[in-house]
Amino acid sequence: IEIVRDRKTKEKAPDMRDAIITECFRRGLLVLGAGPTAIRMSPPLVIDKEQAQCAVDTLSAAISSVAV
């Protein structure tokens, strides 16, 4: 997931990416930084729909809390 400040200009936002990773960790979701502004998710090989939805919801909440 590439984190940018503006969808049109594609201005990179490494500080926002780092804040999102920290917020995900605080909420119990482990995600990885990839490159200067991307977030990588590495789910287990076996994951059910409920677990995947929980990860998506947690990531969404973290992004919403940081991108104010």
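How far is the sulfur of Cys24 from the closest cysteine sulfur? The legends below take up this point after an overview. This is a predicted model, in which local features need pLDDT of at least 70, side-chain atom pairs count only at pLDDT 80 or more, and totals for chains, interfaces and linings use all residues. Residues are numbered from 1 along each chain as its sequence is written, and side-chain values use heavy atoms, with hydrogens and water left out.

**Figure 1. The whole protein, with its pattern α-β-β-α along the sequence.** Two helices and two strands make up the count here; helices (H or I, at least four residues) and strands (E, at least two) are DSSP runs, numbered from the N terminus. The C-alpha trace spans about 35 × 20 × 20 Å along its principal axes. Of the 68 residues, 26% count as buried, where buried means under 20% relative accessible area, exposed over 50%, and partly exposed in between (1.4 Å probe, protein chains only). Among contacts (heavy atoms within 4.5 Å) with a separation of 6 or more, 43% come from residues 24 or more positions apart.

**Figure 2. Cys24 and Cys54, two cysteines without a disulfide between them.** Here is the answer to the opening question: the closest cysteine sulfur to that of Cys24 is in Cys54, 11 Å away, which is too far for a bond. A disulfide is a pair of cysteine sulfur atoms within 2.5 Å, and a search of the whole structure finds zero of them. Seen from the other side, Cys54 is in no disulfide either, with the sulfur of Cys24 as its nearest cysteine sulfur. Their surroundings are worth a look too. Cys24 counts as buried because its relative accessibility is 0%, whereas Cys54, at 45%, counts as partly exposed.

**Figure 3. Glu23, a buried residue of helix 1.** Helix 1 covers residues 14-26 and includes Glu23. Its relative accessibility is 14%, so Glu23 counts as buried. The side chain of Glu23 makes a polar contact with the side chain of Arg26 at 2.7 Å. For a polar contact, a pair of N or O atoms must lie within 3.5 Å; within protein, one must be able to donate a hydrogen and the other to accept it, and residues adjacent in sequence count only if both atoms are side-chain atoms. Which residues does Glu23 contact, leaving aside its neighbours within four places in sequence? They are Ala62, Ser65 and Val66.
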